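Here is a short report on a predicted protein model. Have the structure open while reading.

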Amino acid sequence: MDAACSTQLIDGDGTFNVSGVDTFIKEVKLEECGLSYAVVSIMGPQSSGKSTLLNHLFGTNFREMDAFRGRSQTTKGIWIARCAGIEPCTVVMDLEGTDGRERGEDDTAFEKQSALFALAVSDIVLINMWCHDIGREQAANKPLLKTVFQVMMRLFSPRKTTLMFVIRDKTRTPLENLEPVLREDIQKIWDAVPKPQAHKETPLSDFFNVEVIALNSFEEKEELFKEQVANLRQRFFHSVAPGGLAGDRRGVVPANAFAFSAKQMWQVIKDNKDLDLPAHKVMVATVRCEEIANEKFASFIANENWRELEEAIQSGPVSGFGKKLSSILQSCLSEYDTEATYFEESVRSSKRQQLQEKLLQLVQPTFQDLLGHLRSGALENFKDAFEKALNAGEGFSSSADLCALSCVSKYDKGCEEAVIEQAKWDTSKTREKLQRDIEAHISSVRTAKLSELATLYESKLNVALSGPVEALLDGANDETWPAVRKLLKREGELAVYGLSDALSGFDMDEETRNKMLTDLENYARGIVETKAKEEAGRALMRMKDRFTTIFSHDSDSMPRIWTGKEDIRAITKMARSASLKLLSVMAVIRLDDELDNIEKTLTLALVNSTSNNATSKSISTIDSLASSTWEQVAPEKTLITPVQCKSLWRQFKNETEYTVTQAISAQEANRRNNNWLPPPWAILALVVLGFNEFMTLLRNPLWLGVLFVGYLVSKALWVQLNISGEFRNGALPGLLSLSTKFLPTVMNLLKKLAEEGQAPSTNTNQSSMNSSAQSEVTTNGESSSSSSSSGSSPAKPVPIDTSA
C-alpha cells in the first residue's frame, strides 16, 4: 500500500474512534508487522504547516490549511495515516495545533492530553516551530515545550523518546548557530519545569534523544523545501533498527495490540491519571494474549480434525490418538506463539500456559474415554484368552498369570500410543483399576470353578452313595453298617483324591485346600446321614415290606400256599424278628464303628417280653424303652429314639396282624376243602338206613341208568357253575351268584344235547368219541376244580390270638 487515507483517531471532543482505528489497521495490515513498526507524531502551533510537512515527508493526505481562506484551525483532534513507501511500516499521527484561538487561552486540557498521548504512543515526536521564535522569551514554542516536559513527569516510560525539533522557514542564520541557542532554551525550560523528588537532578538526556533540523520556507523556496524533506525522509527508513531514530524498542507493544493499547492509554489520560507505560504494556499484553488465547481455544474447538477424533473416541479406541491430538494441540499453541510473540514474555508465557491448561482440560475427558476403552478392551481380551486357556485344559493359576501379563502389556502399549506430548497425565490409576478388575475376574472365575469342582464331586458322591446306601439299608442286617462304612471310605477317598488333583492347578494356600477336601469328606458323610434319616423315616414301611416278604414267601422266594401244614406261629416270629432287625439297624447312625446293644434291648423289650399277666405282676420293673436316648449312643447319631421304636413296633404289629389272621383263615379253609368224605358215623348210618334202597336198585337195574344220567348232569352243572369256587367267599354270596348263573347254564346244556341228537348216523362213532372226550374233559375239569378248590382259602376269616 503506497498511500492511505487518513483516519481520525480521536475527535475534537476527546472520543476515541474504535471502529475507525480497527478498519485502518486492517487496511494497512498493521497486525502483520509484529514489533517491526514505528509511530511518528507531530505537534506544534496551529497553522504552522504540520500537515503539509507530513504529507510531503511521508506521502500522506492529511487535510492542509487553505491560505487563501485565512489562517484557521485545520486539524481537529488527532488523525492517523500510514507513511507511503517507508519500511518498516511507519504510522504517523497529526495532532491538533496548540495555541489556537478556537479553544481559547484557558482550554489547554486537550493540548496536554494529546501531548501526553503522543509521547506515550510515539517513537518519534516531531515538534514543529518557527525559526524566528528561537531565542525569544515569549515565543510560541515555549508553552509547547513546557507542556511536553510537564506531562513527561506523569509518563513512567522505560525508553527514550526521540524529540525532533523541526525549524520551519529557516533564515540565513546557519543551523550550527541556531541549534545551540535552541538547545539552551530547551534546557532552561527543562530546568524550570517542576519535577518529582526522584527526578530533581535527572538530566534531559535520560528522557529524550533531541534532534534538530531546519527546513526552508515551503511557500518561498518550494523546491529546496522538497529536497530537504526528501533528505529527511531517508532518515525514517529502518528507523527501528539499532541506532535508528526509533532504536529504543523497550516499551513497544506488538502491532496487533496497537489499537487496544492506544485506546487504554487515552482512557487513562482522560481520567487524569498517571500513565505507567511498563504497567500499561503488561496490561496490554495481558488483554491481548488472553484474547489471542481465547481465539485459539475457540479455533481448537471448531477444528474439524479434533471433532472427528473426539467423535471417533465415543465408539472405541483410535490408533495413533496421542500423535494426532498432540499435533493438533501443537498447531494451536504454535499459532498462539506466532501472534503473541512480541508481547511481554512473562505475560505471553503465562497466558500460553493457561491456554494449554484449558486445552488439556478440554481434551482430558476424551483421553479418559480412550483409557476407558483401552481398559475395557484389555479386560475383555483377558476374559476371552483366560476362558480359552481354561477350556484348553491349562492350569488355572498359570493361565491367569500369563493372560493377565499379556493383556496388561497390550494396555500399556495402547497407553503409550495415547500419551499426549503436552500433558504429563498419569495413567497408573487406570492401570491399577484394570489390574483390580482382572484380579476380581480371576477371583470370581476361581470361585466359580472351585464351586463347579465341588459341585461335580458332590454330585459324583451323590450318585455313588445315595443308591447303594439306600439298598444296603433296605436289606438291613448285621453287615449293613460295616458295608456302608466301607462304601463311604472308598468313594470318599476317590472323590477327595480327584478333587485334590484338580485343585493342584489353582495355586491355593494349604489351609483353603485342606478345608475344601475336609468339606467334601463331610459332605460324603452328610449324604449317608441324610439317606439314613430318610430311610429311618420310612422304617415302618420297610418293616412291613420285610415282614410281608418273609411271611408270604418260602425259602425259595416262591409265594407261600397255606395248605394247613405250615407253622404260622414260627413263620410269624421269624418275620417279626427280621423286621425288628431292620428297626435296630435303622435306629442309629453307625459310621464310627462303635458297639451298641440296641438290637438286644429291642429284642428283650419287644419280642421276648412276657405275657400281659406276667407284665402286670412285674409292673414295678423299669421299661428299657422308656427313654429318648440310647445307651452309649450320642444324641446326634440317633435316628429313632427308644420311645419311637416302641411306638413303631406297636403300630407294626397292629398293621401286620391282619395278614397273619388271613393266613390262618386260609389254612382252615383249605383243610375243609380237602375233606369231602362224611364222618365215619355218617357213613355207617347211610349203610344201615339205605340198605333197602340199595337192594331195590339191584332188583331193578333201570334205576341205575337213571341215577347214572343224573350223576352226569349234576357233575356237568358242578363244573360249569364252579360251585366250589363260588362258595369260597361265603355261603350267601355263593347262593346269590349261583342263582343268577343256574338257568343260563341249564339252557346251554340242553342246547348242546339237542345239537348232539340231530347229528347224522354216519357220525355215530365220531360222536361217541366226542362224548368220550367230553367226559374226559369233564372229568379233568372236575380234577382241576378240585385242585383249585384245595388251594383256595376259605371266604370268611375267623379271628384268633396270633401272639408270637
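## Helix 15

In this predicted model, helix 15 has a set of buried residues: Met516, Leu517, Leu520, Ala524, Ile527, Val528, Lys531, Ala532, Glu535 and Ala536. The charged names Lys531 and Glu535 are on that list too. Cover for the buried residues comes from elements including helix 13 (428-474), helix 14 (480-503), helix 16 (539-552) and helix 17 (568-587).

Helix 15 runs over residues 510-537, 28 residues in all. From first C-alpha to last it reaches 40 Å. That is close to the 40 Å expected at 1.5 Å a residue.

## The chain as a whole

The protein chain has 804 residues, and 41% of them count as buried. Its secondary structure comprises 26 helices and nine strands. Take the contacts with a separation of 6 or more: residues 24 or more positions apart account for 75% of them. The exposed area is about 44,100 Å², with carbon and sulfur atoms supplying 53%.

## The open sheet

Seven strands make up an open sheet with mixed pairing. Their order is 1-3-4-2-5-7-8. Strand 1 (7-10) and strand 8 (208-214) are at the edges. Each has a single partner strand, so one side of each has no neighbour in the sheet. From one strand to the next, the twist averages 25°.

Strand 3 (residues 78-82) and strand 4 (residues 89-95) run antiparallel, joined by five bridges. Trp79 faces Asp94 of strand 4. Helix 3 (residues 109-121) packs on the sheet and touches strand 1, strand 2, strand 3, strand 4, strand 5, strand 7 and strand 8. The direction of helix 3 makes about 170° with that of strand 4. Helix 2 (residues 50-58) lies across strand 2 (37-43), strand 4, strand 5 (124-130) and strand 7 (161-168). Helix 2 runs at about 165° to strand 4.

## Strand 7 and its partners

How many residues of strand 7 are buried? Eight of its eight are, and the strand is mostly covered. Thr161, Leu163, Phe165 and Ile167 point one way. Thr162, Met164, Val166 and Arg168 point the other way. Both sets are buried, Arg168 included.

Strand 7 runs parallel to strand 5, with seven bridges between them. There, Ile124 has Thr162 as its bridge partner. Strand 7 also runs parallel to strand 8, again through seven bridges. Ile167 stands opposite Ala214 of strand 8.

## Ser41 in strand 2

Ser41 belongs to strand 2. Is Ser41 buried or exposed? Its relative accessibility is 1%, so Ser41 counts as buried. Leaving aside residues up to four places away in sequence, Ser41 touches Met93, Leu95, Ala118, Ser122, Ile124, Val125 and Leu126.

## Cysteines without disulfides

A search of the whole structure turns up zero disulfides. Cys83 is in none; the nearest cysteine sulfur to it, that of Cys89, is 8.0 Å away. A disulfide is a covalent bond between the sulfur atoms of two cysteines.

Why is Cys89 not bonded to Cys33? The closest cysteine sulfur to that of Cys89 is in Cys33, at 4.1 Å, which is too far for a bond. The cut-off is 2.5 Å between sulfur atoms. Cys83 is buried, with a relative accessible area of 1%. Cys89 is buried as well, at 2%.

Conventions:
Residues numbered from 1 in each chain as written. Predicted model: local features only at pLDDT ≥ 70, side-chain atom pairs only at ≥ 80, totals over all residues. Heavy atoms only, no water. Helix = DSSP H or I, 4+ residues; strand = E, 2+ residues; numbered from the N terminus. Buried < 20%, exposed > 50% of the residue type's maximum accessible area, 1.4 Å probe, protein only. Contact = heavy atoms within 4.5 Å. Areas by Shrake-Rupley, 256 points an atom, 1.4 Å probe, with all protein chains shown as cover. Pairing = 2+ DSSP bridges. Axes fitted to C-alpha atoms, helices over the stretch in contact; angles between N-to-C directions. Expected span 1.5 Å × (residues − 1).
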